[in-house]
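Colleague: I should be grateful for guidance on reading a structural model feature by feature. Where should one begin?

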Amino acid sequence: MITKAQENQIDVYLKSKKLYSPLHHEVKDHFISQIYHLMEEQSLSFQEAFLATKVSWKNELELVRADIFSFKKVARIEKSILQQRFHKMTVFSFIFSTVAFVFLTLNEEAFTTLQILLLLSWVSVLGYSFITGKMKFSNYAMLSFHPLLIRNILLGTSVFFLAGIMKFGYLEIQDLVISKIFLVYCLTIQLQLMYFNAKKINVLI
Amino acid sequence: MYGYQITQRTKELTKGELEMTEGALYPLLHKLEAEGMISSEIQKTNGRDRKYYLLTDKGKRKQAEQEEEMKSYLFNLNTIFNI
């Protein structure tokens, strides 16, 4: 049987891996079960079983950069979960932006309404998150400089740079359809980030 | 079933041939949960939280579908190599 003190030792070790709360509890339960079985089946002491478990999890719990555009370090296992989530968010935003593009080509007024609705939703969700305490200023900073947005900004900058090379004027660049689509993409990404954050799902890195 | 139980059951059923690493297991479980293939519930065990995963109806349908595909694939392989 694992004692409370031993459980605390496992907890301290896992806390150093900065896992997001639900994953922390899941991995902790896994650790305890694994250590317990090693102690039972191979008659190991707690320290020996704990060490063996740490070794078997070494790769998964190694701290790596969460993203190429993030300074935050997370455990590799958490990074894989985050990357899956980000992939889905990117696909959703891409599809949404494509639909917005179709709106724009068919009916510019409808597109403007869509943009206003998106902005209103953004302000409402942000306000709600701050009022209910689901978002702190530090979260907002992470949201504003999120790698998914930085990628979009970099892509946008390169498009404008190319447009500049192709001798477009400032006003022409400002009027480029692509700039409006980038804005829609950014807003949908931010809305999703705020939604997941409000649901206490880890997305801020 | 919970995470550790899944790894142990896999090892047991395949007599140690197939060992599922934790690094592959948890991201997969979270992905399947997000897709609605499995659901989870937290239960208290020995004073701590344990997350149990259950197949949803959607998951059961997908499992039956994949099982059929796999059987057909194995049948075809068997037919080819037993000529």
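**Reading the model**

Modeller: From the N terminus on, the elements of chain A follow the order α-α-α-α-β-β-α-α-α-α-α-α. This makes 10 helices and 2 strands in chain A. Please keep in mind that the model is predicted.

Colleague: What radius of gyration does chain A have, and what would a compact globule of 205 residues have?

Modeller: A compact globule of 205 residues would have a radius of gyration near 17 Å, but the value for chain A is 23 Å. The C-alpha trace of chain A spans about 75 × 40 × 25 Å along its principal axes. Of its 205 residues, 26% count as buried.

Colleague: Into which domains is chain A divided?

Modeller: The assignment gives domain 1 (4-61) and domain 2 (82-198). The C-alpha centres of these two domains of chain A lie 41 Å apart.

Colleague: Where does the largest nonpolar core lie with respect to these domains?

Modeller: Let us begin with its members. The largest nonpolar core has 38 residues, and Phe31(A), Ile35(A) and Ile189(A) have the most contacts inside it. Elements giving two or more residues to this core include α1 (4-15), α2 (21-41) and α10 (177-198) of chain A, as well as α2 (22-34) of chain B. The most, 7 residues, come from α10(A). Domain 1 (4-61) and domain 2 (82-198) of chain A both give residues to this core, so it lies between them.

Colleague: With which residues is Ile35(A) in contact, leaving aside its neighbours within four places in sequence?

Modeller: Ile35(A) is then in contact with Ile2(A), Phe46(A), Ala49(A), Phe50(A) and Thr53(A).

Colleague: How many residues does each chain bring to the contact between chain A and chain B?

Modeller: Chain B brings 13 residues and chain A brings 14. On the side of chain B that touches chain A, α1 (3-13), α2 and β2 (48-55) of chain B each supply at least two residues. The most come from α2(B), with 6 residues. By class, that side of chain B has 4 nonpolar, 3 polar and 6 charged residues.

Colleague: How does one check the length of a helix such as α6(A)?

Modeller: One compares an expected span with the distance between the end C-alpha atoms. At 1.5 Å a residue, the 24 residues of α6(A) should span 34 Å, and its end C-alpha atoms are 34 Å apart, which agrees. Just after α6(A), Gly133(A) takes a positive phi of about 75°.

Colleague: Which residues have a positive phi although they are not glycines?

Modeller: The general idea is that most residues other than glycine have a negative phi. Lys18(A) nevertheless has a positive phi of about 50°, and Asn46(B) also has a positive phi of about 50°. Lys18(A) is placed in the loop between α1 and α2 of chain A, whereas Asn46(B) is in the loop between β1 (38-45) and β2 of chain B.

Colleague: Are Lys18(A) and Asn46(B) exposed or only partly exposed, and on what count of neighbours?

Modeller: A residue is exposed if 12 or fewer other C-beta atoms lie within 10 Å of its own. Lys18(A) has 13 C-beta neighbours inside 10 Å and therefore counts as partly exposed. Asn46(B) has 11 other C-beta atoms within 10 Å, so Asn46(B) is exposed.

Terms used:
Residues are numbered from 1 along each chain as its sequence is written. Chains are lettered from A and ligands numbered from 1 in the order in which they are written. This is a predicted model: local features need pLDDT of at least 70, side-chain atom pairs count only at pLDDT 80 or more; totals for chains, interfaces and linings use all residues. A nonpolar core is a set of buried Ala, Val, Leu, Ile, Met, Phe, Trp, Tyr and Cys residues joined through C-beta atoms within 7 Å. A residue is buried if 20 or more other C-beta atoms lie within 10 Å of its own, exposed if 12 or fewer, and partly exposed in between; C-beta atoms are placed from the backbone. Helices (H or I, at least four residues) and strands (E, at least two) are DSSP runs, numbered from the N terminus. Domain bounds come from an automatic or database domain assignment. Two residues are in contact if their C-beta atoms, placed from the backbone, lie within 7 Å. Ala, Val, Leu, Ile, Met, Phe, Trp, Tyr, Cys and Pro count as nonpolar, Asp, Glu, Lys and Arg as charged, and the others, Gly among them, as polar. The radius of gyration is taken over C-alpha atoms; the globule rule is 2.2 Å times the number of residues to the power 0.38. The expected span of a helix is 1.5 Å times one less than its number of residues.
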